[in-house]
Amino acid sequence: KDCCEEEGGGGADQCRTPLSETGTNPGGAFNIFSLFDSCLLLSSYDMVHYGHSNQLRQAKNMGDYLIVGVHTDAEISKHKGPPVFTQEERYKMVRAIKWVDEIVEGAPYVTTLETLDKYNCDYCVHGDDITLTVDGKDTYDEVKRAGRYKECKRTQGVSTTDLVGRMLLMTKAHHSNLVSPIRLNHTDNFGKGPKGHSPWTGVSQFLQTSQKIIQFASGEEPQPGDTIIYVAGAFDLFHIGHVDFLEMVYKQAERPYVIVGLHFDQEVNRYKGKNYPIMNIHERTLSVLACRYVSEVVIGAPYAVGKDLLDHFKVDLVCHGKTEVFPDKDESDPYAEAKRRGIFRTINSGNNLTTDDIVQRIIENRLQYEARNEKKEAKEMAVIEAMKKRRLRNRIC
């Protein structure tokens, strides 16, 4: 297989036949080790979003078996600052991304050849930004010098800096995917260090394309014997609470085909209020499609799960979590038809984490995250200046 058939890859001559010591990897497969602390884009606050998923999708397409290393809370705190999510939450989130074959818990922050060899990997993959240690050194320097490093393209238009800015600003500009002056000014200040912007930290506009949806979608239709399960909601800031719920839904049948109905932004704002959803419908679509428990997504699903929808998708089971069910605009129960048919089921995932809880974590620790962001960007800017000086010296010589 051409190990670099997609964006960001190198040539096929860089691929090597791996060893098969672990017994867990397919024989003759190209193995990849991708370090992931939910901060693959350096502006991340450990919130796993569709940009991270897209990086892992690209990495998987460079080989056959993808191993993802996840750092501990202590390592992240040492080199970047306090994480938003605990390591246990991050381990589970990464496992739920459908392109990931295996994860390594507590992976070292600095990637070495010893680490690649330990897990029988041919090379390491990271985004086209830069990751630095607490003292400003490139964490991938050793594997780069050994020719066992590959890059994939950053997903334009998504950054945790931007998402955090939306939470703190409490406007609705992001719903229509428009960048208003007030939001641009706020997020610009939030993601900006004392010496200007790093190209790897900041805010840009996400533009959805049909190609991106195709890349994320499974493309598989339900087969005879499958149990078609329908769930609906906002699934905003797709997080571990959603993962636990969808995993439990997936376990409701021997051969599940899980369809997730995503409500339009205006509908979510009607029943959630404030500036929800934090992610617009296009962003939420990719986030949900990346989950291994999801087969299909209905973009802009009707709030009421009515007869037409149930008949169209031939739904066998409708599930909802333990969270509150808000009435429809006419005060009716949106699940009335499913209940009448006897196919409605309440699912207790055992996880009470909500999007509100995540937003509260960010708000309560805003000063810490701002300080962390500025410190990180200052290190990035120092590297950029050093690179400029080096290029200038090379031209002179």
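1. A definition to start with: a residue is called buried when its relative accessible area is under 20%. With that in hand, helix 3 (residues 87-95) is a good place to begin in this predicted model. Its buried residues are E89, R90, Y91, M93 and V94. They pack against strand 2 (65-70), helix 2 (73-79) and strand 3 (102-105), and also against helix 9 and helix 14.

2. Stepping back to the whole chain, there are 15 helices and ten strands. The chain has 397 residues, and 55% of them count as buried. Among contacts with a separation of 6 or more, 79% are made by residues 24 or more positions apart. About 17,500 Å² of surface is exposed, with carbon and sulfur atoms supplying 51% of it.

3. Now for the nonpolar interior. The largest nonpolar core holds 61 residues, and the members that touch the most others are F235, L237, L246 and V260. Helix 9 (residues 240-250) gives this core its largest share, five residues. A second, separate core has 15 residues, including I259, V298, L310 and V318.

4. L246 deserves a closer look. Leaving aside residues up to four places away in sequence, L246 touches V231, F235, F238, V260, C291, Y293 and V294. Two of these partners, F235 and V260, are also among the core members that touch the most others.

5. Please have a look at the backbone of F235, too. This residue is found in the loop between strand 6 and helix 9, and its phi is near 50 degrees, a positive value in a residue other than glycine. F235 counts as buried because its relative accessibility is 6%, under the 20% cut-off.

6. K314 makes a nice companion case. Its phi is near 55 degrees, again positive in a residue other than glycine, and K314 lies in the loop between helix 12 (307-312) and strand 9. Here the relative accessibility is 61%, so K314 counts as exposed.

7. Which residues lie nearest the centre of the largest pocket? They are H242, H320, T323, E324 and T354, out of 34 lining residues. The pocket has a volume of about 790 Å³. Strand 6 (227-233), helix 9, helix 10 (265-272), strand 9 (317-320) and helix 14 (355-364) are the elements that each give two or more residues to the lining. Helix 9 provides the largest share of that lining, three residues.

8. Helix 11 (residues 281-289) is worth your time as well. Eight of its nine residues are buried, so this helix is largely enclosed by the rest of the structure. The buried ones are I281, E283, R284, T285, L286, S287, V288 and L289. At the start of helix 11, a side-chain oxygen of N280 comes within 3.0 Å of the backbone nitrogen of H282.

9. The loop leading from helix 10 to helix 11 contains P277. I would check the peptide bond from Y276 to P277 in the viewer: it is cis, with omega near 0 degrees.

10. Finally, a buried arginine. R166 sits in helix 6 (residues 160-169) and, at 4% relative accessibility, counts as buried. What lies 2.7 Å from a polar atom of the R166 side chain? It is the backbone oxygen of I278.

Conventions
Residues numbered from 1 in each chain as written. Predicted model: local features only at pLDDT ≥ 70, side-chain atom pairs only at ≥ 80, totals over all residues. Heavy atoms only, no water. Helix = DSSP H or I, 4+ residues; strand = E, 2+ residues; numbered from the N terminus. Buried < 20%, exposed > 50% of the residue type's maximum accessible area, 1.4 Å probe, protein only. Polar contact = N/O pair within 3.5 Å; in protein donor to acceptor, adjacent residues only side chain to side chain. Contact = heavy atoms within 4.5 Å. Areas by Shrake-Rupley, 256 points an atom, 1.4 Å probe, with all protein chains shown as cover. Core = buried A, V, L, I, M, F, W, Y, C linked by side-chain atoms within 4.5 Å. 1 Å grid on protein atoms, 1.4 Å probe; cavity = no way out; pocket = protein on both sides within 12 Å on 5 of 7 lines; lining within 4 Å. Points joined across faces, edges and corners; volume = space filled by probe spheres on them.
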